[in-house]
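Thank you all for making the time this morning. I would like to take you through one model, beginning with the whole chain and then turning to a single strand.

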Amino acid sequence: MHPVKIGLLGLGTVGGGTVNVLARNTREITRRAGREIQVAKAFTRDPEKPRICGTEGIDLVTDPWEVVEDPEIAIVAELIGGTSLAKELVLRAIELGKHVVTANKALIALHGNEIFSRASEQGVMVAFEAAVAGGIPIIKVLREGLTGNRIEWVAGIINGTGNFILTGMRDQGRVFDDVLTEAQALGYAEANPAFDVEGIDAAHKLTILAAIAFGIPLQYDKVYTEGITRITPEDIRYAQELGYQIKHLGIARQTPDGIELRVHLCLIPARRLLANVEGVMNAVVVKGDAVGPTLYYGPGAGAEPTASAVVADLVDVVRVFTADPGNRVPHLAFQPDALSDLPVLPISEIETAYYLRLKVADQPGVLADIARILADHEISIEAVIQKEPQEGQMDLPLIFLTHKVKEKALDAAAAKIEALPAVKAPLYRIRLETLE
Ligand code: NDP
Ligand code: HSE
């Protein structure tokens with residue numbers, strides 16, 4: 001089948017990331033979508049500018065209308081930002097019957113009601129997963145995964161730049177402006193970074209979350225918004241002494257009297273998971289009446305994390321063209337004729353590190369014997385703890401942490417270790433994953 005041709009408006013951080021992800025994962029994405037997604041045309045103001053992506057095979061244009069008006073282009077991805085030109089381009093794309101994907105939270109928060117109404121009239125999709133919390137699929141969670149719930153509240157760290165600044169100030173004692181400059185260099189910040197540090201970006205995102213969570217129109221002008229610019233390193237230290245972390249939160253809550261919509265700094269007890277969300281990471285807690293509190297965590301900004309959400313939206317749209325109408329998302333996510341025959345590995349072939357606990361006789365040479373068996377099986381030891389026997393006991397607990405090794409090597413070593421006369425009980429193992 002022919003590829004689906006898409007047009008990108010904008011080839012900066014998010015546009016470039018999207019090109020890279022589509023190129024690198026073409027096979028997987030095609031297997032999921034049912035058709036290849038081909039970036040046919042891309043708009044940029046300056047085609048000579050250095051980019052994070054290759055542009056071979058892409059028709060680069062300096063007039064954004066060329067992308068929107070191109071009859072070959074079925075999906076327009078708006079990755080420019082702002083609410084003037086972006087709005088005009090999106091509305092025109094919809095008018096021409098094209099589906100739209102956007103990462104632009106300002107556009108959706110301010111003009112989403114109008115855009116969605118036009119899209120419904122035209123029967124086209126407008127997808128905006130990347131607009132909230134970067135790579136975290138929180139829109140999908142609220143719109144699909146939690147539809148059985150009455151959502152009571154949503155609270156989250158939803159601006160990566162702000163969290164990056166707060167973490168840099170706290171952990172490295174750096175000053176505000178210095179960390180902001182780094183966030184800009186990393187592509188996290190908005191074109192106008194005041195949107196990040198004054199809470200405007202978080203308010204855009206909260207507007208969208210609240211609309212989807214509670215079934216209310218988008219009402220950006222009703223969000224109470226405070227930024228992070230007045231916080232000092234001392235505030236962060238004092239809060240820590242009191243057992244809290246300071247985080248910039250967006251909070252939306254249904255109360256009997258109405259809906260709270262607020263963005264501001266908050267002290268959070270240090271033991272809460274949200275208090276430990278660092279750097280550019282975002283996290284959103286959603287409290288549903290049936291499920292209880294649920295937590296979604298991931299990178300909140302940056303080229304490829306955001307592209308991950310943009311591409312997911314592109315795949316959703318392409319599935320409209322490819323899937324049987326009753327099952328737009330294939331039951332197993334991939335198209336049925338594109339399932340892979342990759343083998344599932346037996347546990348013996350899996351490689352992890354291990355915590356090993358042994359019970360051994362308190363006699364010389366035992367530790368050396370065990371270490372030799374491990375070495376013979378090329379299992380290297382990261383740490384050993386030898387404990388005193390408990391009162392009335394003759395045997396010693398001996399604990400090893402190993403480096404990564406295949407399970408079958410450990411099985412072979414374990415059999416030899418358990419056969420040593422000084423070893424008094426079967427070796428107990430717990431696999432260790434650093435999840436890095
Ligand atoms: P960039 O500034 O990196 O890229 C913007 C692109 O749009 C560039 O190609 C630029 O042209 C073009 N552009 C910028 N301003 C204008 C303008 N006034 N008129 C015409 N073209 C313009 O931005 P990002 O990729 O970071 O952001 C794009 C969108 O994605 C924004 O809506 C942003 O809020 C959103 N977003 C960004 C995230 C991030 O981590 N950066 C995360 C989630 C969403 P040129 O290439 O010539 O400079
Ligand atoms: N500037 C935004 C942030 C980009 O830092 O969170 C992601 O929406």
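I will start with the overall picture and then move to a few residues.

What you see is a predicted model, and its protein chain has 436 residues, of which 47% count as buried. Along the principal axes, the C-alpha atoms fill a box of roughly 85 × 55 × 50 Å, and the secondary structure comes to 14 helices and 17 strands. If we consider the contacts with a separation of 6 or more, 68% of them are accounted for by residues 24 or more positions apart. As for the surface, the chain exposes about 21,500 Å², and carbon and sulfur atoms supply 52% of that area.

Let me now turn to strand S9, which covers residues 244-255 and includes Tyr244; Lys247 lies in strand S9 as well. Which of the two classes, buried or partly exposed, does each of these residues fall into? Tyr244 has a relative accessible area of 31%, so it is classed as partly exposed, given that this class lies between 20% and 50%. Lys247, by contrast, has a relative accessible area of 1% and is therefore buried, the cut-off for that class being under 20%.

Each of these residues also has a partner or partners worth pointing out. The side chain of Lys247 is joined to the side chain of Glu278 by a polar contact of 3.4 Å. Tyr244, for its part, makes a nonpolar surface patch of about 300 Å² together with Leu242 and Leu267.

Note on methods. Residues are numbered from 1 along each chain as its sequence is written. Chains are lettered from A and ligands numbered from 1 in the order in which they are written. This is a predicted model: local features need pLDDT of at least 70, side-chain atom pairs count only at pLDDT 80 or more; totals for chains, interfaces and linings use all residues. Side-chain values use heavy atoms; hydrogens and water are left out. Patches are made of residues with over 30% relative accessible area and no salt bridge: like charges are joined within 9 Å, nonpolar side chains (Val, Leu, Ile, Met, Phe, Trp, Tyr) within 5 Å. Accessible areas come from the Shrake-Rupley method with a 1.4 Å probe; for residues, only the protein chains shown count as cover. A salt bridge is a side-chain nitrogen of Lys or Arg within 4 Å of a carboxyl oxygen of Asp or Glu. Helices (H or I, at least four residues) and strands (E, at least two) are DSSP runs, numbered from the N terminus. Buried means under 20% relative accessible area, exposed over 50%, partly exposed in between (1.4 Å probe, protein chains only). A polar contact is a pair of N or O atoms within 3.5 Å; within protein, one must be able to donate a hydrogen and the other to accept it, and residues adjacent in sequence count only if both atoms are side-chain atoms. Contact means heavy atoms within 4.5 Å.
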